[in-house]
Amino acid sequence: MAADPTPNPHATAEEVQAAYADPKLANVLYHDWEAGTYDEKWSISYDERCIDYATGRFHAAAGSADRPYEKVMELGSGTGFFLLNLMQGGIGQKGYVTDLSPGMVEVALRNARNLGLDVAGRVADAERIPYDDESFDLVVGHAVLHHIPDLPTAFREVRRVLKPGGRFVFAGEPTRVGDRYARKLGHATWWLTTNLTKLAPLRDWRRPQEELDESSRAAALEAVVDLHTFDPGELETLARDSGMVDVRAVTEEFAAALFGWPVRTFEAAVPREKLGFGWAMFAYRTWQRLSWLDERVLSKVLPREVFYNVLISGRKPA
Ligand SMILES: C[S@@+](CC[C@H](N)C(=O)[O-])C[C@H]1O[C@@H](n2cnc3c(N)ncnc32)[C@H](O)[C@@H]1O
């Protein structure tokens, strides 16, 4: 862990210290801090590109039955990437964003207002969802399960707030194997880029030291908030044990992840202005082609455990 951790420049020294012993407090500090720049950092948009991505993940997990869902709630919504794009794609009608981080809920509600979507929001812990039993037709989440300390309790809560026959869809979770190679590739790329850019001919490509230090501190805190990785079969068992039925986990992104993680790390290690529109298009198009290869070819020949992302869906019994 890095010395002098400052997950949030506005947090007190005591809060920062406490965050390292309490993953939920760490989540709030870290994601409150990230909320204002989160969409930019992750290239999140609310246009065709992200609508296609979000609805694509939804259909990969759940198929195309039942839509549109009337009342849809998201756990750990962040800035609203998944739910708002699903609503724009016609999957949900009335939306409810929830997140442990007040900063994220505020940004998600602002994004929803700007898009003219019917969305309410609450600060909420996935382990104690502040809604009545049988409130929703659909509960979704993206990249949230791996942050929740007590997953059996969270799944029981999802089951409680779903109407009978209601569906849940969680996407964007790291598999156990995928997380291992993604981290190794990320560390190697960071080490190589930050050392090569110390050389005189590449100095222009070096980010100021204080920015690199801040990124390292953020990465250290990420290690505190990232609590789980998943074996797809074990994730299915977890959902079934909470009383869900028709449970199915699917995985995706192998070649795309082997390409994407070094690229994202490289982009974070060099000054933003060095990489123009041409680079962004190259990275995006290559990632798209490799995703196609993963879906059409590699998913037919490789075991599901080696892919980077796991998605899971199922239902509360009718
Ligand atoms: C990696 S971000 C993903 C945000 C968004 N779903 C997306 O895909 O862009 C994880 C989010 O989960 C939230 N979170 C973490 N632990 C949580 C918990 N126990 N209950 C609810 N939200 C939580 C964090 O505050 C953060 O906004």
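**Exercises on the ligand site, the sheet and a helix contact**

Between a backbone N or O atom of Ala-126 and a nitrogen atom of the ligand, the distance is 2.9 Å. The model is predicted, so local features need pLDDT of at least 70 and side-chain atom pairs count only at pLDDT 80 or more, while totals for chains, interfaces and linings use all residues. Residues are numbered from 1 along each chain as its sequence is written, and side-chain values use heavy atoms, leaving out hydrogens and water.

**Exercise 1.** Describe the surroundings of the ligand, starting from the residues that come nearest.

Solution.
- Step 1: 21 residues surround the ligand, and Gly-76, Asp-99, Asp-125, Ala-126 and His-142 come nearest (near: a heavy atom within 4 Å).
- Step 2: By class, these surroundings hold 10 nonpolar, 8 polar and 3 charged residues. Ala, Val, Leu, Ile, Met, Phe, Trp, Tyr, Cys and Pro count as nonpolar, Asp, Glu, Lys and Arg as charged, and the others, Gly among them, as polar.
- Step 3: Oxygen atoms of the ligand lie 2.6 Å from a polar side-chain atom of Asp-99 and 2.7 Å from one of His-142.
- Step 4: Alone, the ligand exposes 590 Å², of which the protein buries 96% (Shrake-Rupley method, 1.4 Å probe).

**Exercise 2.** In what order do the 7 strands lie in the open sheet, and which are the edge strands?

Solution.
- Step 1: The order is β3-β2-β1-β4-β5-β7-β6, with mixed pairing. Strands are DSSP runs of E with at least two residues, helices runs of H or I with at least four, numbered from the N terminus; two strands pair if DSSP finds at least two bridges between them.
- Step 2: β3 (119-123) and β6 (245-252) are the edge strands, each pairing on one side only.
- Step 3: Strand β1 (residues 69-75) pairs with β4 (residues 136-142) in the parallel sense over 4 bridges, and Val-72 has Leu-138 in β4 as its bridge partner.
- Step 4: Helix α6 (residues 102-115) packs on the sheet, where it touches β2 (92-99) and β3, and its direction makes about 175° with that of β3. Axes are lines fitted to C-alpha atoms, for helices over the stretch in contact; angles run from 0 to 180 degrees between N-to-C directions.

**Exercise 3.** Which residues of α2 and α6 meet?

Solution.
- Step 1: The axes of helix α2 (residues 23-35) and α6 come within 7 Å and cross at roughly 35°.
- Step 2: Val-28, His-31, Asp-32, Glu-34 and Ala-35 of α2 meet Pro-102, Gly-103, Met-104 and Val-107 of α6 (contact: heavy atoms within 4.5 Å).
- Step 3: The residues of this contact comprise 5 nonpolar, 2 polar and 2 charged.

Terms used:
A polar contact is a pair of N or O atoms within 3.5 Å; within protein, one must be able to donate a hydrogen and the other to accept it, and residues adjacent in sequence count only if both atoms are side-chain atoms.
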